[in-house]
Amino acid sequence: MADKPFIHPYIPNSVPATKQAMLDELGLSSVEEIYAEIPDRLRCKVPLDIPPAILAERDLRRHVQGLLDKNASCVDYLNFCGAGCWQHHVPSIVDEVINRAEFVSAYCGGDYSDLGKYLARFEFNSMLGELLDFDGVANPIYDWGDVAGRSFRMARRITGRDKVLVPSHMSPMRLMEARTLCQPEAMAGSTKIRFYEWDRETGMVDLDDLRGRLDDSFAAVYWESPGYLGTIEAHGAEIVKIAHEHGALAIAGVDPITLGVLAPPGALGADIACGDIQGLGMHMHAGGGCSGFIAFKDDDPVFAQECPLELYTVMETATPGQYAVAEALAERTSYGARDQGKDWVGTASGLWTIAAAVYMAVMGPQGLKELGETCIARSHYAAKLLGEIPGVQIRLSPSYFMEFVVEFDGTGKTVAEINKKLLGHQIFGGKDLSAEFPELGQSALYCVTEYYDQADIETLAAAVKVVTA
Amino acid sequence: MSETPHEKVARLGRLRREGGVLHDYRAPRWDEPFIMEQGLPGERGVLVPLAEDDVTAAVGEAADYIPEGMRRGAAPDLPEMSQYQVLRHYLRYSQMTLGMDLGSDISEGTCTMKYSPKMHEELIRGHKSADVHPWQDEETMQGLLEIVYETGQYLKSISGMDAFTLQPGGGSHAVFTNACVMRRYFEAKGELDQRDEMITTIFSHPCDAATPMVAGFKVITVMPDENGYPDLEAFQAAVSEKTVGCMITNPEDTGIYNPQIDKYVEVLHDAGALAFTDQANANGILGYARARDAGFDACHFNLHKTFSSPHGCEGPATGAYLCTDELARYLPVPMVTRVGDAYHLDYDRPESIGRVRGFLGTWMGVIRAYAWIRNLGPEGLKEVAEISVLNNNYLDNLLMAVKGVSRPYAEGHRRLDQVRYSLEQLKEDTGVGTEALRDRMVDFGIQSFWMSHHPWVVPEPFTPEPCETYSKDDLDEWAAVIKKGSDEAYADAQFVLDSPHAQPIDQLRRIEAMEDPKEWAFTWRAYKKKILRRT
Ligand SMILES: Cc1ncc(COP(=O)(O)O)c(C=O)c1O
């Protein structure tokens, strides 16, 4: 290859004649003359340690697909694991829209040229606002754990208090992310995370413990519903009331796909909501399908002013009745004010918000209601069948949406052993909780969504019976 | 016809420069109502599976499992719409979005808008990638883990670093990761109460200032000297026993390569501080210069810029963070490792900063980057750099001939991958500044240009970046659009100030909505309550 010119289909000006014409026009003999800007001592002297090019598209496709084919997917296997990333059906129309070249390839074009992107974004915000019963929805970023941490910091700025109270059965992964954002406690600007207890019988928060721990020094009380362990929190409205009695904000962590049947955080009186939109039309992508949102009531401008993420407002144009969308309060973001901003923003998850917009639009109120009912019914059916297996027990309250805790102590086997054996049946078992929640013994968090039907659930139960026997 | 290829490009270039072959473009204008205003009660967009009779017989009513007070009252006011109508609506929106695949995204400088190969999209859309659950047994994800691990090796070679993570969900997120890694480094050394200052430069991306702030540091911003380089004396003066490190770009947004960069690093190291370089956009230096060779302790790449992953209307994205062995122990968990022929997720890293993102990261970007690197190979990567630098200088030659355009700083020095220009002269002469020209150029089917991050240090700035994707013809066209805008400004400034003229909507109004709580409406329900009710 070395003596042949390198002409690449993605590099039009790699054609020697073109390159030469351009150099001629610049009066240069080679690009080296431009690279003279980099002094010799800073020049890379070693060849890149990268394998030779696989040039032909067919060969490259074969190679990379060959690697990916080593994976077993949740299409190959039955998957009963959620725990922060959930397998729901993605309607084909969602993929059709977000795979449009215009959307896939757009970035930060202007208000006019990228209008469609901004309109879709505003519609996403508007529809999510309906689900949450909130007027203010910010542009989502990274994932739930990230926006949980940002919400804590937001509450700190609003209240001037530097502690937040979170339930000790909050998702450990989200807690880890939030801690990274909240800084080590020794730092002056840190947001300190404190815990209140949960009821080991039901999986709900322990309100008495919350009352005992909360005082006027807390910026916020956070809770999750459904919680990491699957339980639908029964006490949302009371948590809000208790928080407000102490001048603290109430922050709800929610999975919006549940809100076709569950009371929205706005109706419960929460001040801020955060959560993940992954369920709303995103494939799992090994977790890459996640994207975190922040929403708020917007009855007091301080929430928008302290919101860490980008906000978009509907605008009008010189033509009556014509709408546009533009960024609001841009000055408070890092793009507007660098280190004087509230937080940072960057390339976030724009394509996922468009997917979620399409998803919410096709599901509508009835679709989300039916989806909720199916998730509840099928997950309870799965729990029933699993609970009938000798040595297997379903833990916590039966108030759950699609995830529930299955304890295997009576089988004498560990979750790790059981899950390994289930792989032999082409089944992904539930998330192993034994390290995160040792008090639950050898337990796993199972997830059954509308994606899996009665027959799949019966296949699961039969397999679990075999591998636990 | 005996026109040689060489003659043909010269002829087309001449034509372009004479303004003869600009697109007579009209953006699609659908006048499409918001989806919240469409559809009629009872319509359905997609049907979902219902619980089987056996299931219902066994468990009873779903609603009975919802605690009192947690049942939804009023149904959410979502559209009720049939599928075709929803599809059509969003296809119309896609048409009113001038993505990189349609418009010439030379415009969005600092963003490296390169072609994202379509074959890579097929790879990530297949179920072996899209429908993998993050908690799957690592044994069932060996293909993905191999791709991530190998991509990490390539990026190590490109940067000269020893260790990597691909967990961050974007460039800024990788930059934040750096702030956290440095924080942990000094925490471990017991110096965190002494060191609380991070240094950046004004021409580095805003995240180089904002993320260390979020991590808890005070931020010192060094301004450019008269040549556009970060002022070395000011930099030296900023460094002290309080310094954590620096987070800077090179070349900065100006495209000027700082030939003394290793001196800045030395100053930091002499003070016991660390040095990070933001290489979100490394297109001009691939295979030519490595962060490690200039002494840096860490750097990052945006896989959605340099390594071809598409931008997706601003994400999802992947940030690759790389560092030396000394810092590797602090990287987020899990790390992807290899033992023999098997790949693993290593959580057992007691000194780690923890997590910056849930699960594993956004690996769609990694799969694409892997495919892209393998497709180009070592020579190809250098060719990418070389052509983007050549393209940039070629475009520069054309733009500097446009009346009203100037290129501040470092006279006599060539820029690498991008240039920050100024339209100060045009504004002075005609009243047409960079915002007006930006809104005019879209009328030719060319994406509006990136002006500058705030604050504008260069007056009336714009920043094109003609990476390797663009043909000579594309470069000629882009310059011709700027020339056209300048010509128009000198002939009829008001016409340009009234731009755009060929877009889906007219000029924005109700600007107060951007700042005034009584006017802003972040959702349609807010607009209905606040604004429509009023009129
Ligand atoms: C130099 C530089 N650093 C960092 C970033 C931030 O990357 P991201 O937008 O992925 O957060 C960008 C891009 O916007 C950039 O150009």
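Trainee: Which residue of chain B does A:Glu316 stand opposite?

Mentor: In this predicted model, A:Glu316 stands opposite B:Arg509, a residue of strand E12 of chain B.

Trainee: What makes strand E9 of chain A and strand E12 of chain B a pair?

Mentor: Two strands pair if at least two bridges are found between them. Strand E9 (residues 311-317) of chain A and strand E12 (residues 508-509) of chain B are joined by two bridges, so they meet that rule. The two strands run antiparallel.

Trainee: Why is the link between B:Glu52 and A:Arg378 called a salt bridge?

Mentor: Good one! The rule asks for a side-chain nitrogen of Lys or Arg within 4 Å of a carboxyl oxygen of Asp or Glu. For B:Glu52 and A:Arg378, the closest N and O atoms are 2.9 Å apart, so the name fits. Across the interface of chain A and chain B, the rule finds 18 salt bridges.

Trainee: And which helix of chain A gives the most to the side that touches chain B?

Mentor: That is helix H14 (residues 350-387), with 25 residues. The side of chain A that touches chain B divides into 108 nonpolar, 48 polar and 45 charged residues.

Trainee: How many residues of each chain are in contact?

Mentor: Contact means heavy atoms within 4.5 Å, and 201 residues of chain A are in contact with 214 residues of chain B. The area buried between the chains is about 18,600 Å², with carbon and sulfur atoms giving 64%. In chain A, A:Tyr10, A:Tyr112 and A:Arg338 lose the most area to chain B, together 5% of what that side buries.

Terms used: Residues numbered from 1 in each chain as written. Chains lettered and ligands numbered in written order. Predicted model: local features only at pLDDT ≥ 70, side-chain atom pairs only at ≥ 80, totals over all residues. Heavy atoms only, no water. Buried area = accessible area lost by both parts, 1.4 Å probe. Helix = DSSP H or I, 4+ residues; strand = E, 2+ residues; numbered from the N terminus. Nonpolar A, V, L, I, M, F, W, Y, C, P; charged D, E, K, R; others polar.
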